[in-house]
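Subject: Handing over the structure

Dear colleague,

I am passing this structure on to you, and I would be grateful if you could read the notes below with the model open beside them.

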Amino acid sequence: MTEPSEPTKDLADPAELLAAYLDYYRDVVLRKLDGMSEQDLRTSRLPSGWTPLELLKHLTNVERRWLQWGFLAEQVPDPWADNGRDGRPDGRWQVEPEESVDDLLTAFREQAARSRKIAAGANLADVAALGGRFGEGGEAPTLGWILFHVLQEYARHAGHLDVARELADGATGE
């Protein structure tokens, strides 16, 4: 897999810049996982206990929770699917043994494509619909806020994957 590169320095439109950085970090995550053995993908080397595959599943569900269930207010089955069978919002990330690496990678790529489509069809100032993640009568964030929140999740978790990958096999870099 080729090393991802940040968006070009002449990019100034906030929506385009945000979309480009989200894609950059999606690519960083995929690159960090690329070449890891299945055992390394399913093994934690950190005191918190999460595995690289669990983090991938978490990021897939972060996008689904914030953009489909959150921004569009679509009713999605099991919005906390990354938190295992109990489905609690504060539960520990889990990947079931029967979930394959290929299926989790495909789900991530498909969710990223769905998120791109949602973001491209709206303006950053548009407010999330009520009835999904944001209940009736509550305050809902703008698409811009949601996308920045998702971006910070990616930036933070890409750093976590840096550490996990280095501990697994010594690989470093973006």
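What follows is an account of what was found, going from the helices and the core to the open spaces and then to single residues.

Please keep in mind throughout that this is a predicted model.

Helix 5 is a convenient place to begin. It covers residues 143-169, 27 residues in all, and reaches 38 Å from its first C-alpha to its last, which is close to the 39 Å expected at 1.5 Å a residue. After helix 5 comes G170, whose phi is positive, near 85 degrees.

The largest nonpolar core has 39 residues, and those that touch the most other members are L33, L56, I146 and Y154. Helix 1, helix 3 (52-71), helix 4 and helix 5 each supply at least two residues of this core, and the largest share, 10 residues, comes from helix 5. As general background, nonpolar side chains tend to be buried together in soluble globular proteins. If you would like to look at one of the core residues in detail, I146 may serve: leaving out residues up to four places away in sequence, I146 touches W66, L67, F71, A128, F134 and P141.

Turning to the open spaces, the largest pocket has a volume of about 210 Å³. It is lined by 16 residues, of which A15, A19, A119, A120 and L147 are the closest to its centre. Helix 1 (14-33), helix 4 (101-120) and helix 5 each supply at least two residues of this lining, with helix 1 giving the most, six residues. By class, the lining of the largest pocket divides into 11 nonpolar, two polar and three charged residues.

As for enclosed space, the structure holds one cavity of 30 Å³ or more, and the largest cavity has a volume of about 50 Å³. Its lining is made up of M36, D40, T43, S44, R45, L46, W50, T51, P52, A164 and A168, and these divide into six nonpolar, three polar and two charged residues.

Several single residues also deserve a look, and I begin with two that lie in helices. T60 is found in helix 3 and counts as buried because its relative accessible area, 11%, is under 20%. Leaving aside neighbours within four places in sequence, T60 is in contact with A107, F108 and Q111. E153, in turn, lies in helix 5, and at 9% relative accessibility E153 also counts as buried. When residues up to four places away in sequence are not counted, E153 touches H58, L59 and V62.

F148 has its place in helix 5 too, but at 52% relative accessibility F148 counts as exposed, so you should find its value over the 50% cut-off. The C-alpha atoms of F148 and Y21 are separated by 9.9 Å, although these two residues are 127 residues apart along the chain.

The loops offer some further points. L130 is found in the loop between helix 4 and helix 5 and, at 34% relative accessibility, counts as partly exposed. Not counting residues up to four places away in sequence, L130 touches A73, G135, E136, G137, G138 and A140. L130 and D102 are 28 residues apart in sequence, and their C-alpha atoms are 34 Å apart in space.

A73, which was named among the contacts of L130, lies in the loop between helix 3 and helix 4. With a relative accessible area of 15%, A73 is buried, and its phi is near 60 degrees, a positive value in a residue other than glycine. D78 is found in the loop between helix 3 and helix 4 as well, and D78 likewise has a positive phi, near 50 degrees, in a residue other than glycine. At 41% relative accessibility, D78 counts as partly exposed. For context, most residues other than glycine have a negative phi.

With kind regards

Key. Residues numbered from 1 in each chain as written. Predicted model: local features only at pLDDT ≥ 70, side-chain atom pairs only at ≥ 80, totals over all residues. Heavy atoms only, no water. Helix = DSSP H or I, 4+ residues; strand = E, 2+ residues; numbered from the N terminus. Expected span 1.5 Å × (residues − 1). 1 Å grid on protein atoms, 1.4 Å probe; cavity = no way out; pocket = protein on both sides within 12 Å on 5 of 7 lines; lining within 4 Å. Points joined across faces, edges and corners; volume = space filled by probe spheres on them. Nonpolar A, V, L, I, M, F, W, Y, C, P; charged D, E, K, R; others polar. Core = buried A, V, L, I, M, F, W, Y, C linked by side-chain atoms within 4.5 Å. Buried < 20%, exposed > 50% of the residue type's maximum accessible area, 1.4 Å probe, protein only. Contact = heavy atoms within 4.5 Å.
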